[in-house]
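Reader: I would like a close look at a single part of this model, namely how its strands are paired. Please spell out any cut-offs you rely on as you go.

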Amino acid sequence: MSSAPDTHAGRMVRLLIVDDSNIVRRRIERSQHFDDLEVVGTAANGIEALELARRTDPDLVTMDLTMPQMDGIECITQLVRMKPEVRILVISALADKATAVEAMERGANGFLSKPFTDRQLNEAIAELMY
Amino acid sequence: MLLSDTDRNRRVLTAAAGTVLAVVMGLVLIIGFRLATQIRASVGNLQRASELQTYPELISQQLTALRQRLDTLEYTGHVHSELSASVSGFNSDLASLQRQTDLDSSALAGATVLWRNYTPVLAPVLAYAGEPYSDSATNSTLSRSGRAFYAHVRRAELFAAANSTALHDQLAAISTSLQAQTASAAARLRLLLSAGVLTVLLLGAAAAYLQLARARGERAAREAQEQTRDILATVREGFFLLDADYRIGAVWSQALSQIFGRNDFAGLAFEELLRDKVSSETLATATKFIKLLWGERAHENLMKSINPLGQLEVSVDNGRNGKETRFLQFDFHRVMGPKGVKHVLCSVGDITSSVLLSRELQEAQESAHSQLDMMVSMLHSDPLQISAFLETAAAGLKHINAILKEPARNHGEFSKKLAGLARELHAMKGESSALNLMSIAQRAHQLEDMVGELTGNTDLSGKDFLPLVLKLDELLAHLNGVREMTLRLTALKENSPTAQSSALAPRASGPAELATTLQTLAHKLSAEHHKAFALTLHGLEDCPPQYLSTVKDCLIQMLRNAAVHGIETDEVRRAGAKTEAGQVRAEFRRVESGFELLFEDDGAGLSPESLKEAAVRKSILTAQQAAALDNRSALALIFKPGFSTRTEVTMDAGRGTGMDVVAKAVYGLGGKIGVSTNPGRFTRFKIALPAVSESAVA
């Protein structure tokens, strides 16, 4: 929690949504209700996510794990290498705890399992924003 | 921590009290010593002053004695020398008193002044050294110097008589003053000693109190320690602390020993605790997770949600040289210190019974669901159909019993028994699932599983069949239950005002019911396998009653095969430019030689090569035998017992029982069965049945 509060002092928190399902992406975008949160991009796979992250410089990323082309674990690894201060919320349907632990080890900051309620989503985002 | 603070305070207090005691005792001793010295000096002075008091009287008497001797002309020498001694004694004592600075000076000064007046008077008396008498033959008289001496003595006698009282009083005053001084010093000494004793008593009391408090503190600490030990010995969870090297601390709860069957936890790495108990993947995940707990990103809630050890299946020694599976629940709580995470508190609980209970509950729930489903499907189906099925099933069970009772001694006989059982069970499963009686179908399926397992076993004996018998008993009980429910439902339907008159009349199951059964099954299969197809039936009403049962069995089996193997999925059909819904067609017709049953589907057809591969896989053929088969013979493989192309068993197909049952039933009626196919286009079964006698038809 040490670097989080400083990342958005006085400006909008930039959110990048990464999920291969269009429905989930829209759901996250619509369900979050933060005034100081701005969705700067949505990506459907790891490669798109890295490209978008390079261009949009997000503070916060919601990350699916099972995606085509480049999966979430690999994407987290590269994202953290590229932008060490970025905060990553893994949102995954994988019940497998080993994958969650793996994601945390690679640098994820939070974990939310699908299906989730709006309240759970907002709480998880809030935890990483403030 | 609280205890050690009080302990420190108490130590500081004890040290302070000791110091105060030492200082006070030192002061008491020094002041006491000085007072004692003073008192000793005062006592000496007092003695001297008392002595001095006697001198004026003594000197006065000695002067009178001297004068009387002179009067009587007696010898004066010794009196004179006594006087001299007195005067010099007085002088020396007085001088010694004068040297004491702390004496009452007014009395001493007064005495000194008085004594000084004595000096000129006494001096000529003391200084006289001549012979006072002059002797003649007859008498003695005072000599000339004697007369002068007499005059001096007389004067001194008078002076002493006049002044000795005053001098005595002055000297007495000195004495009194000295007495007062000594008394006051003694009082001071007494006071000092009292104060000293009081201080010692107070400090002693304080020390006693501190000692008492310390004993109380120690007792409390001991009790707290004992309580901690009791808690650790009694608590049902295993508790321990992990340090930053992921090693277990020196203290753990008794339950931990019971859970892990060991006692050497101190310093044990967490990884070692789980090694050999869980898979290497789980161990790796657990190790990573433990490391994450020390990181700054590890919030309690987050870590709880990804805890991979929340329900850990471990295999442990059961104490009887065997292993058993237990379920453990690990919880982790971070213990924060001033410099971040200090320890991680781990609790381990054995949740085996609750896991098993929840599984049992789930099973009970599923069984309740299936019973409900069964009731619903029974409500939807014709009770007569169900009754007919129950009769068939009862007959089937009787047959099964008969098979089980047959003596068997060798592998061949056992195999034959098992094959018979498998066929009966398969038929029962097919019919019950066609009627949507899934609880029965599932039981039959489980029994088939058990038979399948026994079939793979080459070393069989009678007692291997025991579990099968138990399960069969359970099936029988279930069937009785279903029968009872059917009777009640029938009664319910008959009593209801909207009851159909047809339901009132007893009716044997006929071609119409068969058609309904098949359509229901087709519907169910279509939904279960996500394949769209339509079943069309022709001429079933022409089926003579004695063939109806066999025709039903055959059609059910072929319909299942068509749904599972024949009809393709939507995607495959679209890709093959076929109609989206598959077509399955059954036709019964009279022919010259008797009857013919045609069954065809426009599905994937049969591939001789796949059939051969499957036969090799099932060890029905060797690879060489398979290679030597022509296409026709390859197709005939599907009528072999135990044959299936499916690699996994489902409720509807895959066991390899099926077409052999159909073939056997057909042969039993003296009929023939044939198959033709065009891969990718269709599969067609043709069953020829002999004619029946007219009387039977009527």
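Author: Two strands are said to pair if DSSP finds at least two bridges between them; strands (E, at least two residues) and helices (H or I, at least four) are themselves DSSP runs, numbered from the N terminus. The model is predicted, so local features need pLDDT of at least 70 and side-chain atom pairs count only at pLDDT 80 or more, while totals for chains, interfaces and linings use all residues. Residues are numbered from 1 along each chain as its sequence is written, and chains are lettered from A, with ligands numbered from 1, in the order in which they are written.

The part to look at is an open sheet of five strands in chain B, which follow one another in the order E4-E3-E7-E6-E5 with antiparallel pairing. At its edges stand strand E4 (248-252) and E5 of chain B, and because each has a single partner strand, one side of each is left without a neighbour in the sheet. From one strand to the next the twist averages 35°, an angle taken between N-to-C directions (from 0 to 180 degrees) of axes fitted to C-alpha atoms.

Going inward from the E5 edge, strand E5 of chain B (residues 312-317) pairs with strand E6 of chain B (residues 323-337) through six bridges in the antiparallel sense. One place to see this pairing is Glu313(B), whose bridge partner in E6(B) is Phe327(B).

E6(B) also runs antiparallel to strand E7 of chain B (residues 340-350), to which 10 bridges join it. These two strands, E6(B) and E7(B), form a hairpin with two residues between them. Along this pair, Gly337(B) stands opposite Gly340(B) in E7(B), and His333(B) stands opposite Leu345(B), which likewise belongs to E7(B).

For the setting of this sheet, it helps to turn to the other chain, where the secondary structure of chain A comes to five helices and five strands, and the elements run β-α-β-α-β-α-β-α-β-α from the N terminus on. Between the two chains, 11 residues of chain A are in contact (C-beta atoms, placed from the backbone, within 7 Å) with 12 residues of chain B. On the chain A side, helix H4 (97-106) and strand E5 (110-113) of chain A are the elements that give two or more residues, and H4(A) supplies the largest share, six residues.
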